[in-house]
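I sat down with this one and a fresh notebook page. Here is what I looked up, in the order I went.

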Amino acid sequence: MDAPVRRSRFAGGPAGGGIRVSFEFFPPKTAEMEHTLWEAIGRLAPLAPAFVSVTYGAGGSTRERTHATVKRILAETALVPAAHLTCVAAQCADIDGVVRAYCEAGVRHIVALRGDPPGGVGERYAPHPGGYANAAALVAGIRNIADVEISVAAYPEKHPDSLTVDADIDMLQAKVDAGANRAMTQFFFENDHYFRYLDRVRARGIEIPIVPGILPVQNFKQARAFAERCGASVPRWLAERFDGLDDDPATRKLIAAAVAAEQVLDLVDRGVSDFHFYTMNRADLVYAICHLLGLRPNAAQEAKKAVA
Ligand SMILES: Cc1cc2nc3c(=O)[nH]c(=O)nc-3n(C[C@H](O)[C@H](O)[C@H](O)COP(=O)(O)OP(=O)(O)OC[C@H]3O[C@@H](n4cnc5c(N)ncnc54)[C@H](O)[C@@H]3O)c2cc1C
């Protein structure tokens, strides 16, 4: 008898029944992508996310674009931006400079990451000479210079560089010891991976929020390629659901909504209240899933949007 439980859980209505969400965007490369991003931000902002984060391209390749996007979010919306930052291909002093520039611009939340090696996942990671060795060192570096909220990454199915889940949790522990306030997870499709990981993290005495990262599958082929690169497993049932839909984007979208809805509703039923959505700069699926979670547009955010 699942349904009645679910209905009562969502009786929270417009306030979302205690559900908190955050949205991740990537900085646009072209004017057209910029337009798409800002359409997505405009649609999702009224849902009053706890924060919206902007990724940092591999090797710092989007440094200026990330900064520009974060600054525009600060200037034109009431949203709280979180700027991603990686250790790749930069000396500590350069990275510290980026942190200071963010602080001066009014940013109060950084997502601190090691980043991937320039050749991509699979290549052995070598810290930049004079750079931060890993995300834990970066967190410590940020803590030395700024009083900001710091989020880090966590891996329910372990990071591909880690030999074991325990080694991976050692790194999470190091990030927490250095001052991380929250972890957002790599995406996963089987909720049991998340709960097993959470049990192990809590058993180690790590108490920070471990917020599940949700990837609505806008494009199955692309999602499978991402998953292969980052060590997330793609269950056979998921592939079967998208089977035969390569040339049928309308049906794919309906299936994607159903799959993501099933995943987040199960997480809620099992006690999860915070979600980090990988939006891929698209609003529609994420908006629909948030609606299912009970979130409704906030009038004050709508007004701010109308002014902007
Ligand atoms: C929520 C989220 C947001 C992200 N945003 C971005 C982004 O904006 N830009 C970007 O480029 N990437 C991003 N990534 C990807 C991330 O940079 C990669 O997963 C990267 O490979 C690891 O970064 P980290 O911060 O988890 O590293 P760390 O926490 O430093 O390490 C990750 C894992 O690798 C293992 N490890 C690290 N070093 C070693 C070593 N020397 N020997 C053995 N094991 C080791 C550790 O066990 C550790 O658990 C994001 C990932 C997540 C989950």
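My entries below cover the ligand surroundings, one acidic residue, one helix and some salt bridges.

**Entry 1, the ligand.** I kept in mind that this is a predicted model. I began with the residues around the ligand: there are 23 of them, and Tyr56, Asp116, Ser162, Asp168 and Lys175 come nearest. Next I looked up polar distances. A side-chain N or O atom of Asp116 sits 2.4 Å from an oxygen atom of the ligand. For His159, a side-chain N or O atom is 2.7 Å from a ligand oxygen. Asp161 takes part through its backbone, where an N or O atom lies 3.3 Å from a nitrogen atom of the ligand.

**Entry 2, Asp168.** I stayed with Asp168, which belongs to helix 6 (residues 165-178). Which side chain of opposite charge is nearest to Asp168? I found Lys158, 7.0 Å away; Asp168 is buried and has no salt bridge. A salt bridge needs nitrogen and oxygen within 4 Å, so I could not count this pair. Leaving out residues up to four places away in sequence, I listed Tyr155, Lys158, His159 and Ser162 as the residues that Asp168 touches.

**Entry 3, helix 10.** I then checked helix 10, residues 249-269. Its 21 residues reach 30 Å from first C-alpha to last, close to the 30 Å expected. Among its buried residues I noted Arg252, Gln263 and Asp269, along with Ala256, Val259 and Leu265. After the helix comes Gly271, with a positive phi near 105 degrees.

**Entry 4, salt bridges.** How many salt bridges does a search of the whole structure find? I got 13. I picked out a few.

- Asp246 and Lys221 pair at 3.6 Å, N to O. Asp246 is in the loop between helix 9 and helix 10 and Lys221 is in helix 8, so the bridge ties together parts 25 residues apart in sequence. I have Asp246 as partly exposed at 45% and Lys221 as exposed at 54%.
- Asp284 and Lys253 pair at 2.5 Å, N to O. Asp284 is in helix 11 and Lys253 in helix 10, so this pair links parts 31 residues apart in sequence. Asp284 is partly exposed at 35%, and Lys253 is partly exposed at 42%.
- Arg270 and Asp266 pair at 3.0 Å, N to O. I noted Arg270 as partly exposed at 38% and Asp266 as partly exposed at 26%.

Last, I wrote down a network: shared salt-bridge partners join Asp166, Asp170, Arg200 and Arg204.

Technical notes. Residues numbered from 1 in each chain as written. Predicted model: local features only at pLDDT ≥ 70, side-chain atom pairs only at ≥ 80, totals over all residues. Heavy atoms only, no water. Helix = DSSP H or I, 4+ residues; strand = E, 2+ residues; numbered from the N terminus. Buried < 20%, exposed > 50% of the residue type's maximum accessible area, 1.4 Å probe, protein only. Lys, Arg positive; Asp, Glu negative; His and termini not counted. Contact = heavy atoms within 4.5 Å. Expected span 1.5 Å × (residues − 1). Near = heavy atom within 4 Å. Polar contact = N/O pair within 3.5 Å; in protein donor to acceptor, adjacent residues only side chain to side chain.
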